[in-house]
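Open the model in your viewer and keep the sequence panel visible. This tour goes from one selection to the next and says what is found at each stop.

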Amino acid sequence: MNRFQQSVTIALSDIQLQTALDRGTTRGVNARLAGMAETTDASLLRHQARLAKERALNSLPELLEELERNVVANGGHVLWARTAAELNQIILDLCRQHNVRRVIKAKSMVTEEAELNHALEAHGIEVTESDLGEYVIQLAGETPSHIVAPMMHKTKESTAQLLHDKLGMPMTDKPEEMTRFVRGVMRQKYLEADMGISGVNFAIAETGTIATVENEGNNRLSTSAPRVYVAVMGIEKVIATWEDYALLVQLLARSATGQRLSVYNNLMSGPRRPSEPDGPEHFYLVMLDNGRSRIYGTEYTESLACIRCGACLNACPVYQNIGGHAYGWVYPGPIGSVVSPLLLGPKQLPALPYASSLCGACQAACPVEIAIPDMLLKLRRDLVQQGDPTLGWRVGMRLWALVFRSPLLYRLSGKVAGALTRLLAGRKGVLRQLPPPLNGWTANRDFPAFGAPSFRERYRARRSARPSTNGSKEM
Ligand code: SF4
């Protein structure tokens, strides 16, 4: 059994996880549907958003250079990181340069990708997550299980217990009381921090502006209170214009949480100017590649259009049942099943492209119309082509192809399989266990015997019984 299957088995039997997932994904799906229903033409909006991201990807190198020029013109600094290790080193160097001992960090999946917290903590730098969910996850010593709702796997009851155990919070089941308590703890952290770090939702090339969205105000405080601010983005986050931003930012909010707009939409264009009363003295933008340029220009380029709204996770029947941690890396759900193997390399996490029924719920939910099922199929093809299939697999696939190419063999095999399954199933009509190598199917479910008469036989009988237009029966 590989690690993915083990994780899935554990997740499926975890009652608390199942409760949390049921609540969280149902809330997410309903909020998105309500948010999108308010728009006059949701499909047109999604298509326009798709075109905006396509425009950005089509001129990605030029836009990144334009972004760099404008950030520098605004008084900021731009640094490029080829790998996660380079990103961590760059930020560590900035910490040394500015004598930073404490960092306050707003939510950022790209820093999760690089495991930046560990890298800084290993050098004695204190890092505090300021997003409520991320802070709870940090206290628990866990990783996020959703790209928008990091503690999707936790119930409010388990969160209250954790805050009680770790911070002495009086027990409560009211989320607003937990939030108030954590805010009190967090306030001092903002004041003490030397450096603020955040992710980037969009980077607007034409003015060199960094845009982040949030609902708690923690991002705004993390990026403006400390004297040094570092924004970290994957290179795919750049967009061309403010018009594109205006479109994408509302679709991001509606798809992620069902809001018309997020509560805080922060726009940062460089360090504090002499006339301004607050803001960071130093402004850095670090752009991370970490495998993205390897994807760019391939048949998987559109995966870089993702705006990390999390809608495909909520909509996915697989994610709804197994949660985020089972996927084994930072990006879970349908889009994670595409980007994780692409970023880490094709042989890493080989089970993920198969972690989908290809039902299409992810693509239907995606605000930028990413064809996730198509890419999952292509990844499966790549895995087969690059893999070293066993003799049994090769022979099995050849037989399969032979049968599916011949109507006669297809009919015959259907008859044999039908008779065999009915014989083995007996009066119960279901098989509790299939023989190897098909026994994986019955590990978690029954296998119903094929019906008799078969669908083809019924269809043919019905057609021949149907009267034709001239009154006679069709033959
Ligand atoms: S693939 Fe689409 S739905 Fe999924 S997170 Fe990205 S933008 Fe959202």
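**Stop 1: Ser 145**

Select Ser 145, which is in the loop that runs between helix H8 (132-140) and helix H9 (156-167). Keep in mind that the model is predicted. Is Ser 145 buried or exposed? Its relative accessible area is 1%, so Ser 145 is buried, the cut-off for buried being under 20%. Now show its contacts, leaving out residues up to four places away in sequence: Ser 145 touches Pro 150, Met 151, Met 152 and His 153, and also Tyr 319, Gly 324, His 325 and Pro 332.

**Stop 2: Lys 154**

Stay in the loop between H8 and H9 and select Lys 154. Lys 154 has 15% relative accessibility and therefore counts as buried. With residues up to four places away in sequence left out again, Lys 154 touches Ala 20, Val 136, Ala 140, Glu 142, Thr 159 and Leu 162. Next, add Pro 144, ten residues from Lys 154 along the chain; the C-alpha atoms of the two are 10 Å apart.

**Stop 3: the ligand**

Select the ligand and the 14 residues around it. Which of these come nearest? They are Cys 306, Cys 309, Gly 310, Cys 312 and Cys 366. Coloured by type, the shell shows twelve nonpolar residues, one polar and one charged. The ligand takes up the space of the largest cavity.

**Stop 4: the domains**

Zoom out and colour residues 38-294 as domain 1 and residues 406-465 as domain 2. Between the C-alpha centres of domain 1 and domain 2 there are 53 Å.

Note on methods: Residues numbered from 1 in each chain as written. Predicted model: local features only at pLDDT ≥ 70, side-chain atom pairs only at ≥ 80, totals over all residues. Heavy atoms only, no water. Helix = DSSP H or I, 4+ residues; strand = E, 2+ residues; numbered from the N terminus. Buried < 20%, exposed > 50% of the residue type's maximum accessible area, 1.4 Å probe, protein only. Contact = heavy atoms within 4.5 Å. Domains from an automatic or database assignment. Near = heavy atom within 4 Å. 1 Å grid on protein atoms, 1.4 Å probe; cavity = no way out; pocket = protein on both sides within 12 Å on 5 of 7 lines; lining within 4 Å. Sits in = over half its atoms within 2 Å of the grid points. Nonpolar A, V, L, I, M, F, W, Y, C, P; charged D, E, K, R; others polar.
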